[in-house]
Amino acid sequence: MNLRTALFYAKKDVLKEKRISLFIIIAVAFGTTNVILVYGLVEGLKHDLTNNALKVSGDIIIYPAKGEKFIPSLRSKEKKLGLLSEVEAIAPRLEFVGVLSFKEISKPVQIIAIEPEKERRTTKIIEKIIEGEFLYDRDKNEIMITKRLSEDMKITIGDEVILIFENGARKKYKIKGILHLGVPELDASGVFINFEEAEEIMGIKDIASTILVKLKNRYISDEYKFVIMQQLSHSEIKSWEEEIGWILGAIRTMEELGNTVAFASLLAAVISVMVIIYINVVRRTRQIGIMKAIGASDSFVFTVFLLEAAIFGILGTITGDIAGYVACKYFETHPFYDPIYKDYIGTRFTIEVLYRASTVTLISALAAGIVPALKARRLEIVKTLWSG
Amino acid sequence: MTLIKTTKLKKVYMLGKIEVIALRGISIEIERGEFVAIMGHSGSGKSTLLNLIGLLDSPSGGSIYIQGVDTTKISEKQKVNFRLHKIGFVFQFFNLFDQLTAIENVMFPMMLTGKKIEICRKRAEKLLERVGLGDKINRLPSELSGGEQQRVAIARALVNNPSILLADEPTGNLDTKNSLKIVQLLRELNEEKGLTILMVTHEKELGEMADRIIKLKDGIVIET
């Protein structure tokens, strides 16, 4: 079987009907672009959620024992952790529920008490400040809130708000900073106050809701958590990979949704390719017979029509790749606004996205060519010569 | 020397549940270099005989020997090779590939053999020159007259230098003047190259230009 001649014939066939060929290439390109955008969107979400979650959390997170609300003996645990060679920094947090009031508006909030200096060394939450300043250890009467809270309650830097704690205590605070964390559950209602201030108001001492640990090497977290478990005689400890497990689970769901959307758009492209090539086979029945009569084998004829599908697939994929790249880059800088999360969702273009979309489209286009190519292969010479 | 020999060749078609006997045991011999016209009324079995000799169809019984090889016993792959290298076809409706130019149409069967494009192009140019179309090699079939298209088809049939040329009503779609020119061209090729030609026709005048006429009626030879 002569592949060069098959390609020669297939190329001529594709070029003969320029308009129809252009239509198919656009259909395939549209499918590819769609796939790139869908995968790019999932990739963007995955990247944002994972990165943001990692930036506001530790490499290892210590939780209270089962059935407990707090971790006791915080300071002694901090000392023990400080003795471990791989531990770079530690930041305890206290978490309560509360209510934030400003003018006529009150909203339930999640109060997160932090030690600002330790937090600076352990997490990258300081990078999430979009207005004002991050807290210092000395800041007793100032707090930070999330961007979403500030928008919902129309609070700006310097405004005075009232924070009501879960024990009924209420105190006036000045807004020092506004954060955009990129973690939906925190962005919805996060209020950050000083750790000592929270201890004082809640009347508690030497306990924490979580202890965030920064390691010298993040990638040993899964193994190193067992060292910490042993050191603290405490088993409720998670690595960052376990911590973002819920995100990965949510992303898997999004990926499945993305696959469904990609499948639907590709199906349209595949059907276009299949129908057009099939019509071509039917229209050229007599020509196929002549081709066989003058010495072309069945496998040659099969290859010709499969190559036509491949040409449509390759040209459509290349066009779709370019359009998808441009669209992805555009939505990276002009993200969609999500009115539910009140946040922007951007796409993220990666080579993997391009590779996945291109592979899926090319395979689909080739698959679309198989049925008409098989029909062409099976045509009997004499019957085709009898056809009109 | 006998080039083609058929013995008790039979062909039965099924049209739904009805059995149609197209050939009822044809035994003929064609010598190398002969120009033979196969004549007969519509439905006499002329084209069926040509299709069987050209290995486009399989017989229901009997044998076909080409250069001493019983082609009823060879594999499909060998049949394809026979069609490609030993047999050239010219059809009534020209049947050129409309997306290919004249020269590309002629080159195509040679390209199927795997020869280099340049060699195919030179050979095709030479053949188109021979059939009088040297100045129209880059025209599409739609830009050529019926007679010119049939000349391209003849050049295409000859490109792989076959020993047999099978022509099924090659003038069926041409006017008298062009018909005579085409059969004259076939005659010349037969004499120049010693090409064995089997031509199906129902026009007596054209048949008489051949060395010999085989007449068929109802699937049997009535005159040879």
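**Exercise 1. Work out how the span of helix α5 of chain B compares with the span expected at 1.5 Å a residue.**

Solution. Start with the residues: α5(B) runs 146–158, which makes 13. (Helices here are DSSP runs of H or I, at least four residues, and strands are runs of E, at least two, numbered from the N terminus.) Next, take the expected span, 1.5 Å times one less than the number of residues; that gives 18 Å. From first C-alpha to last, the helix reaches 19 Å, close to that value.

This is a predicted model, with pLDDT of at least 70 needed for local features and 80 or more for side-chain atom pairs, while totals for chains, interfaces and linings use all residues. Residues count from 1 along each chain as written, chains are lettered from A in the order written, and side-chain values use heavy atoms, without hydrogens or water.

**Exercise 2. Decide whether α5(B) is enclosed, and find what its buried residues pack against.**

Solution. Call a residue buried under 20% relative accessible area (1.4 Å probe, protein chains only). Twelve of the 13 residues pass, so α5(B) is largely enclosed by the rest of the structure. Among them are B:Arg151, B:Ile154 and B:Leu158. Now the neighbours: from chain B, β6, α3, α4, β7 and α6, and from chain A, α11 (285–293).

**Exercise 3. Describe the interface of chain B and chain A.**

Solution. Count contacts first (heavy atoms within 4.5 Å): 27 residues of chain B meet 24 of chain A. Then look for salt bridges (Lys or Arg side-chain nitrogen within 4 Å of an Asp or Glu carboxyl oxygen): there are two. A:Arg284 pairs with B:Asp98, closest N and O atoms 3.1 Å apart.

Key. Contact = heavy atoms within 4.5 Å. Buried < 20%, exposed > 50% of the residue type's maximum accessible area, 1.4 Å probe, protein only.
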